[in-house]
Amino acid sequence: MTFTTRPELSGTFGMTASTHWIATAVGMSVLERGGNAFDAAVAMGFALHVAEPHLNGPLGDMPALIWPHADAEPTMICGQAPAPAGATIAHYRAEGLDLIPGSGLLATVIPGAFDAWMLMLRDHGTWRLAEVLAPAIHYAAQGVPLLPRISAEIAALADFFRAEWPTSAATWLPHDAVPAPGALFRNPGLAATWQRLCAEVAGVRGREAQIDTARDAFAQGFIAGAIDDYLRDACVMDASGQRHKGVLTGQDMAGWRASYDPVLSTNHANWQIFKGGFWSQGPVQLQVLDILAGDPLADLDPLGPAFVHLTTEALKLAFADREAYYGDGPGIPAETLLSPAYAAGRRAEIGDAASTELRPGAIPGAEPLARAARQRQHWLAGRDSHRGPGVGEPTMGHLKKPGDTVHLDVVDRWGNMVSATPSGGWLQSSPVIPGLGMPLKSRAQMFWLDEGLPTSLKPGQRPRTTLSPSFARAPDGTRLAYGTPGGDQQDQWQVAFLLRVIHHGMNLQQAIDAPLFHTDHLQASFDPRGFAPAHLLAEPAFPAATLQALRDRGHRLQVAAPWSAGRLTAVSHRPDGMMKAAATPRLMQAYAAGR
């Protein structure tokens, strides 16, 4: 018998998996009481705002892939909102900036998570707003056991909160003290916000009408009003080491709603994989699978150096293309990037030694974008990092690297499925909005302050997000939802997981438990936007011979602490009704549940 840290769950009623056991239990309780996968996902999402506030919040971002059971393919609910009207390159340059700070008010774009959840609930759910918000209200009002990592994050910023972000001090430092690990932590401001929202819609007839009323209250009513009032006068310290006012207004919020977005897909070993568009990093996974399409991956040891090297080098190429060509702006050579001929050409660039260069692919007509990406890398290498408080992204302290958020997967007895990666609006990102109990997000840091790029800062344009939920369909029709937190590492850990499922016959838990690896040989998405040539992080569960062989190939190897890379979760649904689920043991908080 092959040992796994947990069983791969199986059953026929429903499955939930998330990065926190409370959210997983909340989702399962919804399924047990007759809700569907969409009801469960929404309830889980709001519970995660309370259970993991250092990694996500209601004013953050939320792309979700949804797959209604009767649909031939999934679709994307886009909760990645764009830059506000005042977010121009000229304005940020006039503030003395050459890079957007990773924290504070200039880092924010229009909040997107709440409306995306509401769109899912209205169009695909069956429960009322008050029902899906009830668990989050309970935990915000009565308390949630505080994760040690949250206590450590608050402790690190406590003095800064007191001096510079007093509204955050009022929320995260109850009684002016750092809450202890394991203590019941309450956010009465957040509980009151949701209670008021439920009260405002209670008299509206009809479930859908209530949800639309809540969306209006958020975007045009008291929530938007509180944000607009605060930002009119607030001028706060951010990661640049300076104080800046924000540019977001209530009018920006009033003019935006979440939407449906088409997905992209590729075929790999007779599996079909579905990802978000080029406004996300999702196509990286598709490109890697295409680059590796002709390799005999099943013949390679999944813990061996050849498998790790080949996958890593393919990831480097795809991430170089991401940096040069991805974004929400014009001029993206999408058809070329996902063409078999282009993938074959990129495969030919992989050698036996680790690459040390940022190598965007050569695409006729797009040469200026590739040249600009290489120039940014050299510019950043000689630039002083931001020195102010906060970080671009929540810290994965166990890796001492940036990159984390939350993730959830759900499947119900009817075969409906959700894969969602909520993020942003974390406690380190910006001050708590007075009276709301929630901070704004900081996704604007993914823009560049240079003209003419797909990722140039521009009003109405979405920042290129790292958030990357996934779906796949096996040759027998089994549908698989999977994902992980991890910023730039999300699609890296997902690729390793998926290749081991497809080519090495691992079940979901085996593929999650198998040692993971990733590279920082990429232009980081978050402030201060670093690049680490030939870097490769690997967990120590790899055989010693594998680690040494990778060093011999020129990889600048960082051996991580045991069980420290990635927070993958997954659920699946077979055509005969069999469901399965798994969750990572890493960080000892993710869980799957089902029957």
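Trainee: Which residues do ring pairs link into a cluster?
Mentor: This is a predicted model: local features need pLDDT of at least 70, side-chain atom pairs count only at pLDDT 80 or more, and totals for chains, interfaces and linings use all residues. Numbering runs from 1 along each chain as its sequence is written, and side-chain values use heavy atoms, without hydrogens or water. Rings of Phe, Tyr and Trp (its six-membered ring) pair if their centres lie within 6.5 Å; planes under 30 degrees apart are stacked, over 60 edge-to-face, the rest tilted. Ring pairs join these into a cluster: Phe46, Phe114, Trp194 and Phe218.

Trainee: Why is the pair of Trp67 and Phe471 classed as it is?
Mentor: A search of the whole structure finds 14 aromatic pairs. For Trp67 and Phe471, the ring centres are 5.3 Å apart and the planes stand at 75 degrees, so the pair is edge-to-face.

Trainee: How many residues apart are Trp67 and Phe471?
Mentor: Helices (H or I, at least four residues) and strands (E, at least two) are DSSP runs, numbered from the N terminus. Trp67 is in strand E3 (residues 64–67) and Phe471 in strand E16 (residues 470–473). The pair thus links distant parts of the chain, with a separation of 404 residues.

Trainee: Are Trp67 and Phe471 buried or exposed?
Mentor: Buried means under 20% relative accessible area, exposed over 50%, partly exposed in between (1.4 Å probe, protein chains only). Both Trp67 and Phe471 are buried.

Trainee: How are the rings of Phe160 and Trp165 arranged?
Mentor: Phe160 is buried at 14% relative accessible area, and Trp165 is buried at 2%. Their ring centres are 4.9 Å apart and their planes at 65 degrees, so the pair is edge-to-face.

Trainee: Which ring lies under the charged end of Arg196?
Mentor: A charge sits over a ring if NZ of Lys or CZ of Arg is within 6 Å of the ring centre and within 35 degrees of the ring normal. Arg529 does this over Trp448, 4.0 Å from the ring centre. The charged end of Arg196 sits 4.0 Å from the centre of the ring of Phe222.

Trainee: What span should helix H10 have?
Mentor: The expected span is 1.5 Å times one less than the number of residues. H10 has 12 residues (222–233), and its end C-alpha atoms are 18 Å apart. That agrees with the expected 16 Å.

Trainee: Which elements do the buried residues of H10 pack against?
Mentor: The buried residues of H10 include Phe222, Ile227 and Tyr230. Contact means heavy atoms within 4.5 Å. Their partners are helix H7 (166–172), helix H8 (188–201), helix H9 (207–219), strand E7 (236–237) and helix H11 (250–254).

Trainee: Which residues have the most contacts inside the largest nonpolar core?
Mentor: A nonpolar core is a set of buried Ala, Val, Leu, Ile, Met, Phe, Trp, Tyr and Cys residues joined through side-chain atoms within 4.5 Å. The largest has 92 residues. Those with the most contacts inside it are Trp117, Met120, Trp194 and Ile227.

Trainee: Which element gives the most to this core, and with how many residues?
Mentor: Among the residues with the most contacts inside the core of 92 residues is Ile227. The element giving the most to this core is H2, with 12 residues.

Trainee: How many residues has the other core, which lies apart?
Mentor: Its members include Leu292, Val308, Leu369 and Phe497. Its size is 70 residues.

Trainee: What phi does Gly34 take just after H1?
Mentor: H1 (residues 21–32) has end C-alpha atoms 16 Å apart, in agreement with the expected 16 Å. Gly34 follows just after H1, with a positive phi of about 100 degrees.

Trainee: What is omega for the cis peptide bond from Asp527 to Pro528?
Mentor: Pro528 lies in the loop between strand E18 (517–518) and strand E19 (535–538). The bond from Asp527 is cis, with omega near 15 degrees.

Trainee: What phi does Ala534 have?
Mentor: Ala534 lies in the loop between E18 and E19. Ala534 is buried, at 0% relative accessible area. Although Ala534 is not a glycine, its phi is positive, at about 65 degrees.

Trainee: Which residues does Thr4 touch, not counting those up to four places away in sequence?
Mentor: Thr4 lies in the segment before strand E1 (9–11). Thr4 counts as buried, at 18% relative accessibility. Setting aside residues up to four places away in sequence, Thr4 touches Gln509, Gln510 and Asp513.
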